[in-house]
Amino acid sequence: MPDPNGFLRYERQLPKRRPVPVRIRDWREVYPPAGEDLIRDQATRCMDCGIPFCHEGCPLGNRIPDWNDLVRTGAWQSAAESLHATNNFPEFTGRLCPAPCEAACVLGISDDPVTIKQVEVEIANHAFDLGYVKPQPAPVPSGFKVAVVGSGPAGLAAAQQLARAGHAVTVFERDDRIGGLLRYGIPDFKIEKSVVDARLAQMEAEGVVFQAGVNVGVDITADDLRERFDAVLLAAGALAGRDTAETPGRGLNGVHLAMDHLVPANRVVAGLQETTPIDAAGKHVVIIGGGDTGADCLGVAHRQGAAGVIQLDQYPVPPEARAGDLHPWPTWPVILRNYPAHEEGGDRVFGVAVQEFVDDGEGNVAAIRIADVVVERIDGVRTVTVAEGSQRDLRAELVLLAIGFDGTEQQPLLEQFGIDRNRRGVLDADANWQTSAEGVFVAGDMHKGASLVVWAIAEGRSAAAAIHSYLGAKGDLPAPVLSSAQPLSA
């Protein structure tokens with residue numbers, strides 16, 4: 001049984017990050033591998049609660065107390081088997097997920113929660129290093145063929161589930177390499193691409209066929225897919241970047257969407273191009289947006305050699321600890337989140353709104369005009385008002401808009417299938433994950449909107465189960481979430 005006093009004997013502790021002066025000179029991951037003793041101690045803090053609410057925080061339903069106790073006793077192979085039973089890609093979630101499971105940890109009511117995410121990634125690392133991750137090809141083919149459009153975590157999870165069930169799966173990706181945002185949208189200092197490649201090698205050995213550089217809807221049509229495949233899964237993400245087109249000066253040179261900065265930067269790191277058209281080197285950079293994407297831009301700007309970086313957030317400074325009245329346990333709390341990129345330099349300014357991008361007289365951005373704002377919620381409606389006399393200019397030769405996404409992109413494939421985006425810019429699905437087009441399913445951000453990697457994997461697994469049933473194949477596949485499921489929130 002678990003150690004009943006583990007959480008009393010050990011405090012929450014994470015492995016030390018690589019030193020800032022060292023890591024900003026390369027693109028390797030911020031966290032080095034953790035020592036085995038540290039991870040065992042942290043796993044020992046898990047109380048194996050009678051009702052483990054971490055299961056509710058995690059849409060995958062990861063059996064967290066089980067693999068924590070297996071790590072505590074040094075049973076790494078069994079821990080890897082338990083973890084992979086519910087999560088196709090723990091090496092992705094352990095690096096990239098913000099860990100809603102930790103927000104729902106029972107220990108977090110009165111103490112620091114268990115370092116679930118860190119234990120998870122170390123199990124995944126051990127599994128690869130010790131050869132526990134092996135291909136699991138289906139013993140008998142089903143005779144059915146499935147097309148997956150998009151190779152992010154949702155599409156990959158669905159593809160792996162379906163291939164292991166015996167279906168012939170082809171994954172189409174319009175970029176020149178497989179991986180979606182894992183490949184080109186997320187910097188290597190958060191996830192090195194060798195991690196992605198290792199999992200793709202396993203999937204290829206399981207029979208998944210990858211076709212990169214294929215823009216479905218252009219290079220091949222919906223009719224082609226219907227002729228060649230028995231079912232289609234749309235998992236092309238939600239990449240329509242939110243813009244500020246109405247802000248004066250938006251058209252100036254030097255004002256860009258965040259992904260237009262991150263993608264070429266990743267391609268340079270991968271050796272696929274020598275330079276990037278949007279380089280922060282020697283420039284004063286302003287990043288608009290305080291979330292994950294903004295932090296990614298911040299870390300990239302540091303490594304490119306920016307002269308200075310300021311990150312803007314419209315909201316006031318959030319509390320450092322959970323405000324129980326607004327965000328009671330076990331819901332996801334709104335707190336001040338410091339990413340590794342923030343300790344590498346730069347300033348953060350909260351409670352401001354952009355008024356104008358200032359022209360240098362030659363069509364280039366020279367500054368960004370901001371003003372303090374007051375954010376209130378009146379009768380359930382959020383209002384933002386500008387404080388008079390608070391306007392000021394910040395020097396800016398490069399401005400990056402990291403203010404979210406407006407859903408999936410309008411594309412020829414949707415028109416060919418006769419599928420409309422809803423008011424949120426994503427695709428509706430019925431209880432069986434099917435769109436309005438017969439035999440065409442949807443999962444991940446293309447269905448949910450921009451969300452967490454753990455939700456993408458959960459939706460991919462669930463959509464795979466629905467497709468398996470639709471094809472009339474034998475048995476059932478695990479489906480961790482309903483198409484209508486939402487995160488645990490206040």
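Student: Let's start with helix α15, residues 292-304. How many residues does α15 have, and what span does α15 reach from first C-alpha to last?

Tutor: Helix α15 has 13 residues, and its first and last C-alpha atoms are 18 Å apart, close to the 18 Å expected at 1.5 Å a residue. Keep in mind that we're reading a predicted model here.

Student: Got it. Is α15 mostly covered or mostly exposed?

Tutor: Mostly covered: 12 of the 13 residues in α15 are buried. The cut-off you need is a relative accessible area under 20%. Going along the helix, the buried ones are Thr293, Gly294, Ala295, Asp296, Cys297, Leu298, Gly299, Val300, Ala301, His302, Arg303 and Gln304.

Student: And what do the buried residues of α15 pack against?

Tutor: Two helices and three strands, if you go by the labels: α2 (20-23) and α14 (258-269), plus β6 (284-288), β7 (308-313) and β13 (398-401).

Student: What comes right after α15?

Tutor: Gly305 follows α15, and its phi is positive, near 90°.

Student: Back to one of those partners. At what angle do α14 and α15 cross?

Tutor: Their axes cross at roughly 50° and come within 10 Å. That makes the α14 helix oblique to α15. As for the hand, α14 and α15 make a left-handed crossing. On the α14 side the contact uses Ala258, His261, Leu262 and Ala265, and on the α15 side Thr293, Asp296, Cys297, Val300, Ala301 and Gln304. Sorted by class, the α14 and α15 contact has 6 nonpolar, 3 polar and 1 charged residues.

Student: Those numbers come with a certain spacing. What's the general idea behind that?

Tutor: An α-helix has 3.6 residues a turn, so residues three or four places apart point the same way. Look at the contact list again with that in mind: α14 brings His261 and Ala265, among others, while α15 brings residues including Thr293, Asp296 and Val300.

Student: Let's try another pair. How do α5 and α6 run relative to each other?

Tutor: The general step is to take the angle between the two N-to-C directions, where over 145 degrees counts as roughly antiparallel. Helix α5 (residues 64-72) crosses α6 at roughly 165°, with the axes coming within 8 Å. The α5 and α6 helices are therefore roughly antiparallel. This crossing is left-handed.

Student: Which residues meet between α5 and α6?

Tutor: From α5 you have Asp66, Trp67, Leu70 and Val71, and they meet Trp76, Ser78, Ala79, Ser82 and Leu83 of α6. By class, the contact of α5 with α6 splits into 6 nonpolar, 2 polar and 1 charged.

Student: Helix α6 also packs with α9. What is the angle there?

Tutor: About 115° between α6 (residues 76-84) and α9 (residues 116-129), with the axes 9 Å apart. The range for roughly perpendicular is 65 to 115 degrees. So α6 and α9 are roughly perpendicular to each other. Their crossing is left-handed. Trp76, Ala79, Ala80, Leu83 and His84 of α6 meet Glu120, Glu122, Ile123, His126 and Ala127 of α9. That contact of α6 with α9 counts 6 nonpolar, 2 polar and 2 charged residues.

Student: Now the backbone. Where is there a cis peptide bond?

Tutor: Check omega. The bond joining Trp329 and Pro330 is cis, with omega about 10°. Pro330 sits in the loop between β7 and β8 (347-350).

Student: You mentioned a positive phi at a glycine. What about Asp48 and its phi?

Tutor: Asp48 isn't a glycine, yet its phi is positive, about 50°. Asp48 belongs to the loop between α3 (36-44) and α4 (54-57), and it is partly exposed at 35% relative accessible area. Trp433, not a glycine either, has a positive phi of about 65°. Trp433 lies in the loop between α16 (412-417) and β14 (440-442), and Trp433 is buried, with a relative accessible area of 3%.

Student: One last residue: is Thr44 buried or exposed?

Tutor: Thr44 counts as buried, at 6% relative accessibility. Thr44 lies in helix α3. Setting aside neighbours within four places in sequence, Thr44 is in contact with Asp3, Gly6, Phe7, Arg9, Tyr10 and Arg72.

Conventions:
Residues are numbered from 1 along each chain as its sequence is written. This is a predicted model: local features need pLDDT of at least 70, side-chain atom pairs count only at pLDDT 80 or more; totals for chains, interfaces and linings use all residues. Side-chain values use heavy atoms; hydrogens and water are left out. Axes are lines fitted to C-alpha atoms, for helices over the stretch in contact, and angles run from 0 to 180 degrees between N-to-C directions. Helices (H or I, at least four residues) and strands (E, at least two) are DSSP runs, numbered from the N terminus. Angles under 35 degrees count as roughly parallel, over 145 as roughly antiparallel, 65 to 115 as roughly perpendicular and the rest as oblique. A crossing is left-handed if the near helix is turned anticlockwise from the far one by less than a right angle, and right-handed if clockwise. Contact means heavy atoms within 4.5 Å. Ala, Val, Leu, Ile, Met, Phe, Trp, Tyr, Cys and Pro count as nonpolar, Asp, Glu, Lys and Arg as charged, and the others, Gly among them, as polar. The expected span of a helix is 1.5 Å times one less than its number of residues. Buried means under 20% relative accessible area, exposed over 50%, partly exposed in between (1.4 Å probe, protein chains only).
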